[in-house]
Amino acid sequence: MSLRATGLLAQLGAATPLVAAPMAGGPSRPELVIAASRAGGLGFLAGGYQSAAQLHSQISAVQSETSVFGVNLFVPNPVPVSGQDFARYRSALQRWITQYAGRAYDDAEAASIRERLAEVVLPGDARADDDGWNEKLALLEREPVPVVSLTFGLPAEQDVRRLQATGAKVMVTVTDASEAARAQAAGADGLIVQSGAAGGHHGSWNPVREPQRVSLRELLGNVRVRTELPLWAAGGLSTPEAVHAVLVQGAEAAAVGTVLLRSGESGAHEAHKQALAQASAERSTVVTTAFSGRPARALPNAFTGDLTAQAPLGFPALHHLTSPLRRAFAEVGDPEGINLWAGTGFTETREESAEVILRRLAGQ
Ligand SMILES: Cc1cc2nc3c(=O)[nH]c(=O)nc-3n(C[C@H](O)[C@H](O)[C@H](O)COP(=O)(O)O)c2cc1C
């Protein structure tokens, strides 16, 4: 059975109820967003971690091919970390690099890799920024897009109105019923209902709390009793059956991330794609704050195994702290020090075109 888009998603120009969810850090490049629209769905550019200028050029690249797409932004909602905890974690990371390099690269041929890892300089001060929120709002005023999705928090009502004044629909990511009620009160046009099964960061507005162990099904039910807004379901959806089930439950769309990570159009790092290809179904994903200081779901690796227990909360300070380390591991092609974001549906990833994957999920 082939699924058809309805409601807000149909109004935005999609033909099928499939959303290519935003994935910051590389995966959601313009090619992936364009492929989603070719498949009849709607894809999101991930504005997080990019400068407004970089996001602008991605918007232009997508606009030259399709008008069915959206942009995702991180709402500023920093999680503070004390100077002492930051310094302690920085020392732990430095010790870990040395220990790991000695253990994994102990032969003569690996000298250049050991040198590259030894060169990593971790920032000494906790950097707290707002990811260029105002610059990105100003960009979206100059270059309006059809839909903007927001994660990590609730923006001021005036910012929601500012985006809507550009003609954009505003979707807010929620992870429980009370966030849903507050997003509705702030004027959101729709909600992305994200369960803890999702890959990458949990969009919770209160990351101090562990992600709740509530199934997407239950979460959708809890949210539906609080609001009539359109709901786009996200978290662990990786098969046509799972997509069908959330639509039957009243979601307007299934938003998928992980299942697209190995697609040809995804800009995920090659080492991330390979780790997903090799991941065994017996080793389940883990939730960790070790990379970014905010809970996120990832494939387990040496980094999560050795550092999750010691990592404090602190976003975006820890994201910036671990960034040079992650870059070095990516450069040498070693997945053991990379944030291998993945949702619970990680066994369903395939090296195929995103269009084929999305059409299959839509029952075509
Ligand atoms: C690699 C990766 C990066 C992500 N980055 C973002 C992001 O920038 N903004 C956002 O709202 N959600 C982000 N997410 C969450 C997705 O938008 C979506 O909610 C999630 O992928 C759905 O669950 P699934 O991965 O099980 O399909 C990311 C997820 C992944 C896997």
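## Terms and model

Strands are DSSP runs of E with at least two residues, numbered from the N terminus. The structure described here is a predicted model.

## Cavities

The model contains 3 cavities of 30 Å³ or more. The largest cavity has a volume of about 600 Å³. Its lining comprises 36 residues, and A21, P22, M23, Q194 and G199 are the closest to its centre. Five strands each give two or more residues to this lining: β2 (42–46), β3 (69–74), β6 (190–194), β7 (200–201) and β9 (253–256). By class, the lining of the largest cavity consists of 22 nonpolar and 14 polar residues, with no charged residue.

The second largest cavity holds about 50 Å³ of space. Strands β7 and β11 (296–298) each contribute at least two residues to its lining. The residues that line the second largest cavity are Q194, S195, G196, A198, G200, H201, H202, P211, V287, A296 and R297. They divide into 4 nonpolar, 6 polar and 1 charged.

## Ligand site

The ligand occupies the space of the largest cavity. Around the ligand there are 20 residues, of which P22, N72, G236, G257 and T258 come nearest. This shell is made up of 10 nonpolar and 10 polar residues, and no charged residue is present in it.

Polar contacts to the ligand involve both backbone and side-chain atoms of the protein. A backbone N or O atom of A24 is placed 3.0 Å from a nitrogen atom of the ligand. For N72, a polar side-chain atom lies 2.7 Å from a nitrogen atom of the ligand. A polar backbone atom of G257 is 2.9 Å from an oxygen atom of the ligand. Taken alone, the ligand exposes 600 Å², and 94% of that area is buried by the protein.

## Largest pocket

The largest pocket has a volume of about 610 Å³. It is lined by 27 residues, and A24, G25, G26, R326 and N339 lie nearest its centre. A24 thus appears at the pocket and also in a polar contact with the ligand.

Helix α13 (residues 317–332) supplies 5 residues, the largest share of the lining of the largest pocket. The lining of this pocket divides into 10 nonpolar, 14 polar and 3 charged residues, whereas the lining of the largest cavity has no charged residues.

Technical notes:
Residues are numbered from 1 along each chain as its sequence is written. This is a predicted model: local features need pLDDT of at least 70, side-chain atom pairs count only at pLDDT 80 or more; totals for chains, interfaces and linings use all residues. Side-chain values use heavy atoms; hydrogens and water are left out. A residue is near a molecule or strand if one of its heavy atoms lies within 4 Å of it. A polar contact is a pair of N or O atoms within 3.5 Å; within protein, one must be able to donate a hydrogen and the other to accept it, and residues adjacent in sequence count only if both atoms are side-chain atoms. Accessible areas come from the Shrake-Rupley method with a 1.4 Å probe; for residues, only the protein chains shown count as cover. On a 1 Å grid over the protein atoms alone, a cavity is a set of points where a 1.4 Å probe fits but cannot get out, and a pocket is an open set with protein on both sides within 12 Å along at least five of seven lines; lining residues have an atom within 4 Å of a point. A molecule sits in a cavity or pocket if more than half of its atoms lie within 2 Å of its grid points. Ala, Val, Leu, Ile, Met, Phe, Trp, Tyr, Cys and Pro count as nonpolar, Asp, Glu, Lys and Arg as charged, and the others, Gly among them, as polar. Grid points are joined across faces, edges and corners, and a volume is the space filled by probe spheres set on the points. Helices (H or I, at least four residues) and strands (E, at least two) are DSSP runs, numbered from the N terminus.
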